[in-house]
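Visitor: Please examine one part of this model closely, and then set it in the context of the whole chain.

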Amino acid sequence: FLIVGAGVAGWGLVMQFGNKELQKQFMGLIPYLGLGLFGVVGALSLLNTVARQKREEKCTQLVTATCIKIRKKMTQTTTNGAGEKEIRHLVSPVLRYSYNGKNYEVCHDTFTRTAAMQVGDSCYVYINPEKPKIFREEGETARLNGMELAIGVIFLVVSIGGILLVRMLG
């Protein structure tokens, strides 16, 4: 975001105070910058997915976990049809499991609108035997990784295709 902010500030300065030739050059760069940023987002998505997949490949030990509480964070305050304010929350279950005689409490970094689990519910999770606080839920990895990989690839293809198209037309 720092780079984007500096770029926007620089663009504003050139457009306000720069000569006409420099302004024209900057305007010619805008499609490349936008498409390049799109490609960077796609590449970062791919790198993040591959890194998480590598980390979760080490989660091989199956244990039973119990939901001990639901972690909440407020997302927004809205006004309903009656003019009353409503606070919406995102939730994530906090799980407890035992491994090698030690208890662990873990929680996802991601939150959802509805709780898939209630306090007291049990589920199976795979943990990393060397680092038992690293876990993944059963069946979760393939679905998320496939979707994130597809999004990353689409962003990259659109970015590269768009840059080539702009070069051909310009």
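**Salt bridges and their surroundings**

Guide: A salt bridge joins Arg96 to Glu105, and their closest N and O atoms are 2.6 Å apart. The model is a predicted one, and every value quoted here is computed from it. Arg96 has a relative accessible area of 37%, so the residue is classed as partly exposed. Glu105 has a corresponding value of 38% and is likewise partly exposed. Glu105 also appears among the contacts of Leu95: once neighbours within four places in sequence are set aside, Leu95 is in contact with Ala65, Thr66, Cys67, Tyr104, Glu105, Val106, Met117, Cys123, Val125 and Phe135.

Leu95 leads to the interior. The largest nonpolar core has 13 residues, and those touching the most other members are Leu95, Tyr97, Val125, Ile127 and Phe135. At least two residues of this core come from each of strand S1 (61-79), strand S2 (85-99), strand S3 (102-107) and strand S4 (122-127). Val125 and Phe135 are thus prominent members of the core and also contacts of Leu95.

The loop between S2 and S3 contains Asn100. The phi angle of Asn100 is near 50 degrees, which is a positive value in a residue other than glycine. Asn100 has a relative accessible area of 68%, over the 50% cut-off, and therefore counts as exposed.

How many salt bridges does the structure hold? The total is 2. The second pairing to consider is that of Arg52 with Glu148, whose side chains meet at 2.7 Å, N to O. Arg52 belongs to helix H2 and Glu148 to helix H3 (residues 140-169), so this bridge ties together parts that are 96 residues apart in sequence. The two partners fall into separate accessibility classes: Arg52 is buried at 14%, while Glu148 is partly exposed at 21%. The reason lies in the cut-off, because buried means under 20% relative accessible area.

Glu148 has a further link to helix H2 through Ser45. Ser45 is located in that helix, which covers residues 20-57. A polar atom of the Ser45 side chain lies 3.4 Å from the backbone oxygen of Glu148. Not counting residues up to four places away in sequence, Ser45 touches Glu148 and Gly152. Glu148 therefore takes part through its side chain in the salt bridge with Arg52, and its backbone oxygen lies 3.4 Å from the side chain of Ser45.

Two other residues of helix H2 can be followed to partners far along the chain. Gly36 is found in this helix and is partly exposed, with a relative accessible area of 26%. Its C-alpha atom is separated by 8.0 Å from that of Ile160, although the two residues are 124 positions apart along the chain. The contacts of Gly36, leaving aside neighbours within four places, are Ser159 and Ile163. Tyr32 also has its place in helix H2, and its relative accessibility of 30% makes it partly exposed. The C-alpha atoms of Tyr32 and Val166 are separated by 7.9 Å, with their positions 134 residues apart in sequence. With the neighbours within four places left out, Tyr32 is in contact with Ile163, Val166 and Arg167. Ile163 is therefore a contact of Gly36 and of Tyr32, as the computed contacts rest on heavy atoms within 4.5 Å.

Helix H2 also contributes to the surface. Leu37 has its place in this helix and is partly exposed at 42% relative accessible area. Together with Val40, Val41, Leu44 and Leu47, Leu37 makes a nonpolar surface patch of about 450 Å².

The wider setting is as follows. The protein has 3 helices and 5 strands, arranged from the N terminus on as α-α-β-β-β-β-β-α. Of its 170 residues, 25% count as buried. Among contacts with a separation of 6 or more, residues 24 or more positions apart account for 62%. The protein exposes about 12000 Å², and carbon and sulfur atoms supply 62% of that area.

Note on methods: Residues are numbered from 1 along each chain as its sequence is written. This is a predicted model: local features need pLDDT of at least 70, side-chain atom pairs count only at pLDDT 80 or more; totals for chains, interfaces and linings use all residues. Side-chain values use heavy atoms; hydrogens and water are left out. Helices (H or I, at least four residues) and strands (E, at least two) are DSSP runs, numbered from the N terminus. A polar contact is a pair of N or O atoms within 3.5 Å; within protein, one must be able to donate a hydrogen and the other to accept it, and residues adjacent in sequence count only if both atoms are side-chain atoms. A nonpolar core is a set of buried Ala, Val, Leu, Ile, Met, Phe, Trp, Tyr and Cys residues joined through side-chain atoms within 4.5 Å. Buried means under 20% relative accessible area, exposed over 50%, partly exposed in between (1.4 Å probe, protein chains only). A salt bridge is a side-chain nitrogen of Lys or Arg within 4 Å of a carboxyl oxygen of Asp or Glu. Patches are made of residues with over 30% relative accessible area and no salt bridge: like charges are joined within 9 Å, nonpolar side chains (Val, Leu, Ile, Met, Phe, Trp, Tyr) within 5 Å. Accessible areas come from the Shrake-Rupley method with a 1.4 Å probe; for residues, only the protein chains shown count as cover.
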